[in-house]
Amino acid sequence: MSDLTSLANIGPAMERDLSRLGIRRVTDLAGQDAVELYERLCELDGRRHDPCVLDTFMSAVDQADGAPPRPWWTYTQERKRLQRSG
């Protein structure tokens, strides 16, 4: 297992998704665009994933960038704002 599961909200399933995107360590997440990661995952799988996956990616990237851990659902409002602004 990588150190990704040391992040809040990242369990084995999310770790596998990130690994498929080439993210294998917390340092790989630093500076990433969570929306881009989400879109790439949707493309890989040929379907739209639940929006909470994007919330979780936002949480993980923030933590990799040095922010304190927060539950994934605290990112829902930010995600909705981003989606409205296009």
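Let me start with two helices, H3 and H4, whose axes lie 8 Å apart and which pack at an angle of about 140 degrees. Angles over 145 degrees would count as roughly antiparallel, so at about 140 degrees H3 is oblique to H4. The crossing of H3 past H4 is right-handed. Before I go further, please keep in mind that this is a predicted model.

Which residues make the contact between H3 and H4? From H3 there are Ala34, Val35, Leu37, Tyr38 and Leu41. From H4 there are Pro51, Val53, Leu54, Phe57, Met58 and Val61. Sorted by class, that contact of H3 with H4 holds 11 nonpolar residues, with no polar and no charged ones.

Next, the core. The largest nonpolar core has 22 residues. Within this core, the residues with the most contacts are Leu4, Leu18, Leu29 and Phe57. Four helices give two or more residues each: H1, residues 12-20; H2, residues 26-29; H3, residues 34-45; and H4, residues 51-64. H4 gives the most, with seven residues.

I will take two of those core residues in turn. Leu18 touches Leu4, Ile10, Ile23, Leu29 and Phe57, if we set aside residues up to four places away in sequence.

Leu29 belongs to helix H2. Is Leu29 buried or exposed? Its relative accessibility is 0%, and buried means under 20%, so Leu29 counts as buried. With residues up to four places away in sequence again left out, Leu29 touches Leu4, Leu7, Leu18, Ile23, Leu37, Ala60, Val61 and Ala64. Two of these names came up earlier: Leu37 of H3 and Val61 of H4 are part of the contact between those helices. There is also a distance to mention for Leu29: its C-alpha atom is 7.8 Å from that of Asp65, and the two residues are 36 apart along the chain.

Last, a charged residue, Asp55. Where is Asp55 found? It sits in helix H4. Its relative accessibility is 1%, which means that Asp55 counts as buried. What does Asp55 touch, leaving aside its neighbours within four places in sequence? The contacts are with Trp72, Tyr75, Thr76 and Arg79.

To go back over the main points: H3 is oblique to H4, the contact between these two helices has 11 nonpolar residues, and H4 gives the most to the largest nonpolar core. Asp55, in that helix, is buried at 1% relative accessibility. That is where I will stop.

How values were computed
Residues are numbered from 1 along each chain as its sequence is written. This is a predicted model: local features need pLDDT of at least 70, side-chain atom pairs count only at pLDDT 80 or more; totals for chains, interfaces and linings use all residues. Side-chain values use heavy atoms; hydrogens and water are left out. A nonpolar core is a set of buried Ala, Val, Leu, Ile, Met, Phe, Trp, Tyr and Cys residues joined through side-chain atoms within 4.5 Å. Buried means under 20% relative accessible area, exposed over 50%, partly exposed in between (1.4 Å probe, protein chains only). Contact means heavy atoms within 4.5 Å. Axes are lines fitted to C-alpha atoms, for helices over the stretch in contact, and angles run from 0 to 180 degrees between N-to-C directions. Angles under 35 degrees count as roughly parallel, over 145 as roughly antiparallel, 65 to 115 as roughly perpendicular and the rest as oblique. A crossing is left-handed if the near helix is turned anticlockwise from the far one by less than a right angle, and right-handed if clockwise.
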